[in-house]
Amino acid sequence: MAPVPLAVPRAMPHAAQDRPDKGRWIGRRVSKGTRRDAILHSVGTVLRDSRLSSLTMQDIALQLGITKGNLYYYFKDKQDILFQCHMRCMDLSLLALHDIEAGQASDDDALRPLLIRHIGGMLENGFGSVMLTDLDNLTPQQRSQYVARRDEFEAGVRALIEAGVRRGIYACADVKLASLAMLGAINWIPKWYHPDGSLASDAVATGLTDFLMKALEVKTSVVIGPAIRASRARPGIAAKSSRKRSTT
């Protein structure tokens, strides 16, 4: 009997060999949590370039380079993806807040590094676009979980402003209004920011933070000498003095 030839594996096309596996299914080489996070990071780009209401799980899977079945392995539905993106974004911001509260930021001006990290977490991890979506797309339970984390972060920002006012490094008449204005401006960044634009994410984070912090600057008053105060209080006397100087 003639020997049966061994099957030789077919070589992959060069295009397939050279193609990076970013966004493609990589099996059990990474944990489910790691793969889940990688998908969430990529979802931000998909949502930035498409309308959430018109997207389907098939659309998301195609744009991520995976099958719809693989996507369902990690997420129940589109609503679950949206919820997880919201939660990941708040987790990054709360981690920054807890670091500040633990004293890892030694500067008295603790609000500034917090806002920079908050903006960076939105822009650098692909979650920013999700922050513009309506919370009504979430279930009541999901919305409650997200709002609890959001409120914790907002309370932390207000506490830092209040502490700065007490130490005399911030000037603010309405702490709640100031915090809402700051965070509202930050939440709108994904509407106009694009990673391929002229500004890098770190430049946006630093520049906008500097702009917002100017609203809390303590304004220095001009010290008026006693002679000037007296002349302002008695303009007639000042006028007579100036006439006497002019006639001499």
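This report describes the salt bridges in a predicted model.

## Overview

Side chains of opposite charge can pair when their charged atoms come close. In this predicted model, the count comes to seven salt bridges. Several of these are described below.

## Asp80 and Arg36

A salt bridge pairs Asp80 with Arg36, and their closest N and O atoms lie 4.0 Å apart. Distant parts of the chain are linked by this pair, since Asp80 belongs to helix α5 (residues 78-101) and Arg36 to helix α2 (residues 32-49), with their positions 44 residues apart. Both partners, Asp80 and Arg36, are buried.

## Asp91 and Arg149

Asp91 also takes part in a salt bridge, here with Arg149, and the closest N and O atoms are 2.2 Å apart. This pair likewise links distant parts of the chain: Asp91 is in helix α5, while Arg149 is in helix α7 (residues 140-167), 58 residues apart.

Asp91 has a relative accessibility of 32% and therefore counts as partly exposed. Arg149 is partly exposed as well, because its relative accessible area is 27%, and the partly exposed class lies between the 20% and 50% limits.

## Lys214 and Glu217

The side chains of Lys214 and Glu217 form a further salt bridge, with an N to O distance of 4.0 Å. Glu217 counts as partly exposed because its relative accessibility is 38%.

## A shared network

Arg150, Asp151 and Glu154 are joined into one network by salt bridges that share partners.

Technical notes: Residues numbered from 1 in each chain as written. Predicted model: local features only at pLDDT ≥ 70, side-chain atom pairs only at ≥ 80, totals over all residues. Heavy atoms only, no water. Helix = DSSP H or I, 4+ residues; strand = E, 2+ residues; numbered from the N terminus. Buried < 20%, exposed > 50% of the residue type's maximum accessible area, 1.4 Å probe, protein only.
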